[in-house]
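These are my notebook entries on one protein model. I record what I looked up, one topic at a time.

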Amino acid sequence: SVLIISAQDQPSNRTALFSDESTIIEMINQINESHLYDYHAGLLKFGPRYTGSISCNLAAEYIFSEFQQMGLETEFHEWRYAGFHSKNVVATLQGTDPDSSVEYVLCGHYDTVVDAPGADDDGSGTAAVLAIASVFRNYQFNHTIRFITFSGEEVGTYGSFTYARMASYRGDNIVAVLNMDMIGYASTAEGGRVLRFFPPERSTWIADEATVIGEKYNDIIDMKVVTLPGYRGADNQAFVDYGYDGVWIAHQDGYPWGHSPEDTADHLNWSYYVKATKLMLAITAEFALKPIDV
């Protein structure tokens, strides 16, 4: 079920874009460490966010409030499944092409395992969704972008499953799901310049296009996309199961503190995290601007 709490008009001063590289660079340059840190700290102040817990609900309210303050259409997608009751937070930036029903989903999950603060898994993806949305709100894109933070990932990807099922039933024209789950860490020089995309076979085109976009902006971001075979356990999988295309996106280097009380902000590699967020901004912007047959 969808419970709409608030919907605000789009800002009237949004800048129209026509795949203008200089304007996308302008957008990239608005992402910085303090900007990202504020959203990340705002989320982590609630501590571990196990699905259904008070702290998880409070985190959802925080994310909702931040999206709402951006002037985005903001709603809770409330769900019940397998004994859990929680809500995803959805913010929508409507596309401006009247002939396009296309949607792109940029997402992460804000829930954690029982005892983990979830700085990397997946506070990193959630804060990146918020930071990118806060930049995009001032621009216009051909196609609609939905910024979604899911709950229920750590207990069985239930939040994304219930949303993908609903999207399929109502016929949403989702072209690509970009799922950022653990994008905040690097410990090697090579890992510091790589963001990994894990597409199922049918969705390899997303990684292929993202690779080209990464090359386009490599001089200013210094990060490339590397493609590996798809992984079934992430929030993009339910969308794939319902006939959509989607990829899991994560850092390359192993993260020793995952699913533990040590998954804290001081263990992140913040310079890497900023670069990963900039690259995801560029990729999402290029996708949402590209004219496509609909």
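**Entry 1. Disulfides.** I began with the rule that a disulfide is a pair of cysteine sulfur atoms within 2.5 Å. The model I applied it to is a predicted one. By this rule I counted zero disulfides. I then looked up Cys56, which is in no disulfide; its nearest cysteine sulfur belongs to Cys107 and is 16 Å away. Cys107 is likewise in no disulfide, and for this residue the nearest cysteine sulfur is that of Cys56, at 16 Å. The distance of 16 Å does not meet the cut-off of 2.5 Å, so I do not pair these two cysteines. I also noted their surroundings: Cys56 has a relative accessibility of 0% and counts as buried. Cys107 is buried too, with a relative accessible area of 0%.

**Entry 2. Confidence.** I next asked how far the prediction can be trusted. The mean pLDDT of the protein is 93, and 93% of its residues reach 70 or more. Where is confidence lowest, and where is it highest? It is lowest in strand 1 (residues 3–6), at a mean of 34, and highest in strand 7 (residues 144–150), at 99. Over residues 1–12 the pLDDT is below 50, although this stretch has 34 contacts in the model beyond near neighbours in sequence. Where pLDDT is low, predicted coordinates should not be read in detail. I therefore do not interpret the contacts of residues 1–12 in detail.

**Entry 3. Helix 9 and the cores.** I looked up helix 9, which covers residues 270–289 and has 20 residues. From its first C-alpha to its last it reaches 28 Å, close to the 28 Å expected at 1.5 Å a residue. Of its 20 residues, 19 are buried, so helix 9 is largely enclosed by the rest of the structure.

I then turned to the largest nonpolar core, which has 75 residues. Which of its residues touch the most other members? They are Phe67, Phe136 and Phe147. Helix 9 supplies the largest share of this core, 14 residues. I followed Phe136 further and set aside neighbours within four places in sequence; its contacts include Phe147, Met27, Leu93 and Ile145. Phe136 is also in contact with Leu281, Thr284 and Ala285. A second, separate core has 14 residues, among them Phe150, Ala164, Phe239 and Tyr244. In soluble globular proteins, nonpolar side chains tend to be buried together.

**Entry 4. Asp122.** I searched the backbone for a cis peptide bond and noted one that joins Asp121 and Asp122, with omega about 0°. Asp122 lies in the loop between strand 5 (102–109) and helix 4 (123–136). Is Asp122 buried or exposed? Its relative accessibility is 0%, so Asp122 counts as buried. Not counting residues up to four places away in sequence, Asp122 touches Gly108, His109, Asp111, Met180, Asp181 and Met182. Its side chain reaches the backbone nitrogen of Met182 at 2.9 Å. A polar atom of the Asp122 side chain also lies 2.9 Å from the backbone nitrogen of Gly125. By contrast, I noted that the C-alpha atoms of Asp122 and Met166 are separated by 23 Å, with the two residues 44 apart along the chain.

**Entry 5. Two positive phi angles.** Met182, already noted as a partner of Asp122, has a positive phi of about 80° although it is not a glycine. Met182 lies in the loop between strand 8 (173–180) and strand 9 (194–198). At 17% relative accessibility it counts as buried, because the cut-off for buried is under 20%. His259 has a positive phi as well, near 55°, and is also a residue other than glycine. I found His259 in the loop between strand 11 (246–251) and helix 9. With a relative accessible area of 45%, His259 is partly exposed.

**Entry 6. Thr162.** My last look-up was Thr162, which is placed in helix 5 (residues 158–170). Thr162 is buried, with a relative accessible area of 4%. Which backbone oxygen does its side chain reach? The side chain of Thr162 reaches that of Gly159, at 3.0 Å. Leaving aside neighbours within four places in sequence, I recorded contacts of Thr162 with His77, Trp79, Tyr81 and Asn88.

Conventions: Residues numbered from 1 in each chain as written. Heavy atoms only, no water. Buried < 20%, exposed > 50% of the residue type's maximum accessible area, 1.4 Å probe, protein only. Helix = DSSP H or I, 4+ residues; strand = E, 2+ residues; numbered from the N terminus. Expected span 1.5 Å × (residues − 1). pLDDT = per-residue confidence, 0-100. Contact = heavy atoms within 4.5 Å. Polar contact = N/O pair within 3.5 Å; in protein donor to acceptor, adjacent residues only side chain to side chain. Core = buried A, V, L, I, M, F, W, Y, C linked by side-chain atoms within 4.5 Å.
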